[in-house]
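Hello,

Here is the structure I promised to pass on to you. Have a look at it first, and my notes follow below.

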Amino acid sequence: MTQSIKPILRALSGETLQTPPIWMMRQAGRYLPEYMATRAEAGDFLSLCYNSDLATEVTLQPIRRYAFDAAIVFADILLVPQALGAKLWFVTGEGPRLSTITSMDDLGKLGSVDDIHETLAPIYQTIRNLSEALPKETALIGFAGSPWTVATYMIAGRGTPDQGPAHMLMRENTPVFDALIERITDATILYLSEQIKAGAEIVKLFDSWAGSLNGEAFDRYSIAPHVKIVTALKAQFPDVKIIGFPRGASEKYIDFVDQVAVDCIAVDNGTNSVWAAENLQPKMCVQGNLDPSLLVTGGEKLIAETKRVVDTFKNGPHIFNLGHGITPDASPENVSRMIEAIRG
Ligand code: CP3
């Protein structure tokens, strides 16, 4: 019976497997020549996200090449702001740009959370396509950005090194900041619910900038919105598995796993894996945490570190992954070597 359950779902249910299941953050991306070809066919990144056939294709590319244990639907965390009515575009070589939210007036111009599905419908279609197309042992992951991380982009209108504009709004206009967090939280619940109905078996919340929230702000703007989202999803879909990723939270990772009822905690590469095995893994499945730069440099160090991560987490439920996304300069051959070191 257990044989028929996908390996990654077994790990997410708390089973310790002999060989950890594997996937990689940003596994569909610019390090793959086949991705670059499909993106060129789509025209640009956002057109690719909203073209269900081509998004299905790029999601499947790393599965064909590497037989990962999970596929993650090709989309972006910034599609939710766009669905809420923010303007979104990508500047080549620089990153995302959005219209900014800094006042109640700006917030008032956004649409209602109930209207997001019109924009996001192609993502649900990509998920339905993937449910049909994936090998039977491969699980399907849906995702969204966590409210704080999404808010940092909506407030600044771009990525920022220290999330300064978001911290400033939090301090100087708390009612607007709180209302924005609530709007994103509610939209995220609706978005992930539709992804699950379309066939996502696992959903991941990316709080990529959680590390810049300190003390009470971490509780209020990372933990509390996660609790609201996870509680709502589990009430509606008791079987769905949820992965949390409060990147950079350091010792606050403990507060996160104690308070948010996720099934798995994704550990960034700044976190000591021995510490994570001792302090987090007894409570739930751990995902992580190879340094993605090793896939650029390769060599003996890549093999040694890969084996060290596997060894450190071998006594509990573990999903092998990177500590952050794979970068465009990574080598596809190094990914094969990493997998060979894990699967033998
Ligand atoms: O993991 C996957 O393969 C699924 C797709 C996925 C993308 N973005 C595609 C993408 C996922 C899960 C994301 C998450 C995401 N997007 C995060 C959270 C994870 C993290 O990396 O911290 C964030 C912060 C974003 C926002 C975003 N999207 C930025 C800042 C950028 C520009 C920087 C960059 O890496 O290019 C993007 C663009 C983006 N999202 C690309 C891809 C494949 C590159 C677009 C291209 O093809 O040029």
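A term to start with: a polar contact is a pair of N or O atoms within 3.5 Å, and within protein one of them must be able to donate a hydrogen and the other to accept it. Please also keep in mind that this is a predicted model.

With that term in hand, let us begin at Gln61, which belongs to helix α4 (residues 52-66). Is Gln61 buried or exposed? Its relative accessibility is 3%, and because buried means under 20%, Gln61 counts as buried. A polar atom of its side chain lies 3.3 Å from the backbone nitrogen of Tyr35, and a polar contact of 3.0 Å links the side chain of Gln61 to that of Glu57. Apart from neighbours within four places in sequence, Gln61 touches Glu34, Tyr35 and Thr38.

Tyr35 leads us on to the ligand, since it is listed among the closest of the 22 residues that surround the ligand, together with Arg39, Asp76, Ser208 and His324. For three of these residues there are distances from a polar side-chain atom to an oxygen atom of the ligand:

- Arg39: 2.3 Å
- Ser208: 2.6 Å
- His324: 2.7 Å

Next, the sheet. Seven strands form an open sheet in the order β1-β4-β5-β6-β7-β8-β9, and their pairing is parallel. Why is one side of β1 and of β9 left without a neighbour in the sheet? Strands β1 (70-72) and β9 (318-322) stand at the edges and have a single partner strand each, so one side of each stays free of a neighbour in the sheet. On average, neighbouring strands are turned by 25 degrees against each other, direction ignored.

Inside the sheet, β5 (residues 202-207) and β6 (residues 241-246) run parallel and are joined by six bridges. Ile202 stands opposite Lys241 in β6. Helix α10 (residues 174-198) packs on the sheet, where it touches β4 (139-145) and β5, and its direction makes about 170 degrees with that of β4.

Finally, the core. In soluble globular proteins, nonpolar side chains tend to be buried together. Here the largest nonpolar core has 127 residues, and Val335 and Met338 touch the most other members. Helix α10 appears again, as it gives this core its largest share, 11 residues. Leaving out residues up to four places away in sequence, Val335 touches Met24, Tyr31, Tyr66, Phe68, Leu295 and Ile326.

Enjoy looking around!

Best wishes

Definitions and conventions
Residues are numbered from 1 along each chain as its sequence is written. This is a predicted model: local features need pLDDT of at least 70, side-chain atom pairs count only at pLDDT 80 or more; totals for chains, interfaces and linings use all residues. Side-chain values use heavy atoms; hydrogens and water are left out. Two strands pair if DSSP finds at least two bridges between them. Helices (H or I, at least four residues) and strands (E, at least two) are DSSP runs, numbered from the N terminus. Axes are lines fitted to C-alpha atoms, for helices over the stretch in contact, and angles run from 0 to 180 degrees between N-to-C directions. Contact means heavy atoms within 4.5 Å. A nonpolar core is a set of buried Ala, Val, Leu, Ile, Met, Phe, Trp, Tyr and Cys residues joined through side-chain atoms within 4.5 Å. Buried means under 20% relative accessible area, exposed over 50%, partly exposed in between (1.4 Å probe, protein chains only). A residue is near a molecule or strand if one of its heavy atoms lies within 4 Å of it.
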